[in-house]
Amino acid sequence: MGFDNAPRTSRRAVIKTLAALGAVGAAAAASALGVARNLFPWVSYGEDNRVKIGRGEDFADGDTVLYDRRLVVRKETAEDATVRIAAISMVCTHLGCTVGTVTGGFKCPCHGSQYDGDGRVMGGPAPRSLDWFDVTVDPAGELVVDKTKTCAVESFFEV
Amino acid sequence: MDAQLQQSPGMPESDPKPSPEPSLVRRIANEARDVLTDVRESLFRHDFADTFKTRSEIMFSYLLLHVMPVKVHRRSLKAATTLGLGVISLFLFGILTATGIVLMFHYIPSATITDSGLPEAFERMLNLRSNVGYGPFLRNMHRWCAHGMVAIVVMHMARVFLMGSYKKPRQFNWVIGMLLMLLTLLASYTGYLLPWDQLSLWGVRVGTEIAKYAPGGDLLRAFLLGDTDVGQEALLRFYVLHCVVLPMAIAGLVALHFWRIRKDGGLARADEDRSLSTGIPAEQSADDNRTGSVKSYQLVEVMRGRKPLVDSPIEDLVFSWPALILRIAIVCVLCLIVASIFSLAFDAPLEEPANPMSPPNPAKAPWYFLGLQELVGYNAFIGGILLPGVAFAFFLILPYIDRRSTRVGVWFARERWVENGLFILFVLVNILLIVIGVYFRGANWDFQLPWEVMGGH
């Protein structure tokens, strides 16, 4: 397979070719990166990760299911009348379906993950327990759940 | 003719008529005939006598027909060789393109909740159902042909495997075929998002959550959704992918797939076929062809192969026109009839409008993804990424792994019993998973026997 008769390629020609290819390649790569960046918007158009859910006194003791927020709000009132609130995510940690409430806990309709009443995994493919979110009170007295801040199971916040 | 007759010498000299110019009417008629001939000859670049020459010319003078060879092997024509699966796949893609374009005229990729309280895209489904002639039929055709295409493409792949036809020199065409299968699944997946019903929303939410478990999956998810969660941006992106990007990619790869079939020497057939079917020893038949001028009018094609094709018995090749074309037409018509009857009898599923708050219970994917859903039900990473990824990667590069020389183009070649056995086992496991997903999973994805509680959704 020797190419003995092939004309010899000069070093200059090789360098020229590589330089040309490099320039075109760099321009193409830069354009591609620009287009790629275009496909990832700077902002999110979706729902805010910090949601207001109303005032502490709006909730009865025990669990309140907020389907539209995909949250369970748990309220406990101690004997000294201190109120503690927790927000438990209803988003299955497996693949993001909304879990349903069943006696004694939660079950996911998509792949059968099971959680107990505190969101600990009892069965199914779920890799970890349901998220418990940070709850704060804003200056107007409204409860704010921050879905970007997850805490340990049974994290209650005094309000 | 009449004009010429009048000029004949036998006519009396005394006739005062001057040498006749053809009448105006006749000249116009002649001119018109010439124009028509021109038109015909420019459209049909062959004559219409039924000769071998015409048959060849028909095959190579039309864009679509010239994709196919002028002559094909008798064996490639037999229904049992290919079951027509490739043709059916392409034809279904054609139906999908046609019905899809019509459906696009009625569709708006909008998740906005309208005054009626329904998402706009979902409302367009209802519009299609009640306000548009043949709307339900077109949507049924589109949905069922999509399901059919998934099934047929998989069967096509199984056929090629069980015949060992992916072997040298057809390795790369197998790779293209695997990519086409992937694109078919993606087209299906992006398609069922569009009605924006419960299946759409939760299918896409789960699918893109699975992506998170893959390396680099977050980026892929962000690209698909255009946002942090499934919503308007995702609907728009899936719409563009479904209607433009994926069909164009499929069409391009299909063209490549077909072109490679020709360049790789037509459909695979066992090498020994060539000398066995004539009963003439190879060297003698080669000799015949070299000296015998009898066959010299036959067309010669340049094909790749291990042996020179002069060994091949020319009698086994038949003209594609009309044998092949007629068979393709019959397959397509049958396919259209089946699809139409099916679409008249069964309505395409449309679940409740998308509810971002809670999924249906159980939330089931279409049947072809239920095996995957079953696997994911055990473990998201292993079932959703690792096993499908490894299986796909394995089949993608299969021709470069399985390099053993065996007969090709033969169903269930005996020397391939291990390969075929393992493959059939693989297919059966997949079917089993799908059957479990379809019939044995009830509310909360609990295992149930199909006759215990039917439905629930």
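Let me start with helix 9 and helix 17 of chain B, in what is a predicted model. Their axes come within 9 Å and cross at roughly 150°. Those are the two quantities to quote, since two packed helices are described by the angle between their axes and the distance between the axes.

Now the residues. From helix 9 of chain B, B:W174, B:V175, B:M178, B:L179 and B:L182 take part, and they meet B:F392, B:F395 and B:L396 of helix 17. By class, the residues of this contact are eight nonpolar, no polar and no charged.

Staying with helix 9 of chain B, it covers residues 171-191. How far apart should its ends be? At 1.5 Å a residue, its 21 residues should span 30 Å, and the end C-alpha atoms are 30 Å apart, which agrees. As for surroundings, 15 of the 21 residues are buried, so helix 9 of chain B is largely enclosed by the rest of the structure.

That brings me to the cores. The largest nonpolar core has 83 residues. Which of them touch the most other members? They are A:V99, B:L92, B:F161, B:W174, B:W196, B:L235 and B:F395. You will recognise B:W174 and B:F395 from the helix contact. The element that gives the most to this core is helix 8 of chain B, residues 135-162, with 12 residues.

Take B:L235 as one example. Leaving aside residues up to four places away in sequence, B:L235 touches B:Y107, B:P109, B:S110, B:A111, B:A121, B:L193, B:L194 and B:W196. Apart from the largest core lies another core, of 14 residues, including A:F59, A:V83, A:F133 and A:F157.

Now the strands of chain A. Strand 10, residues 142-151, has two partners to mention. Strand 1, residues 50-55, pairs with strand 10 in the antiparallel sense over five bridges. Strand 9, residues 132-137, also runs antiparallel to strand 10, joined by six bridges. What stands opposite A:V145 of strand 10? A:V51 does in the pairing with strand 1, and A:V135 does in the pairing with strand 9. Strands 9 and 10 of chain A form a hairpin with four residues between them, and A:G141 in the turn has a positive phi of about 90°.

Last, strand 2 of chain A, residues 62-66, and strand 3 of chain A, residues 71-77. They pair antiparallel over five bridges, with A:T64 opposite A:V73. This pair is a hairpin with four residues between the strands, and the positive phi in the turn, about 55°, belongs to A:R70.

Key
Residues are numbered from 1 along each chain as its sequence is written. Chains are lettered from A and ligands numbered from 1 in the order in which they are written. This is a predicted model: local features need pLDDT of at least 70, side-chain atom pairs count only at pLDDT 80 or more; totals for chains, interfaces and linings use all residues. Side-chain values use heavy atoms; hydrogens and water are left out. Helices (H or I, at least four residues) and strands (E, at least two) are DSSP runs, numbered from the N terminus. The expected span of a helix is 1.5 Å times one less than its number of residues. Buried means under 20% relative accessible area, exposed over 50%, partly exposed in between (1.4 Å probe, protein chains only). A nonpolar core is a set of buried Ala, Val, Leu, Ile, Met, Phe, Trp, Tyr and Cys residues joined through side-chain atoms within 4.5 Å. Contact means heavy atoms within 4.5 Å. Two strands pair if DSSP finds at least two bridges between them. Axes are lines fitted to C-alpha atoms, for helices over the stretch in contact, and angles run from 0 to 180 degrees between N-to-C directions. Ala, Val, Leu, Ile, Met, Phe, Trp, Tyr, Cys and Pro count as nonpolar, Asp, Glu, Lys and Arg as charged, and the others, Gly among them, as polar.
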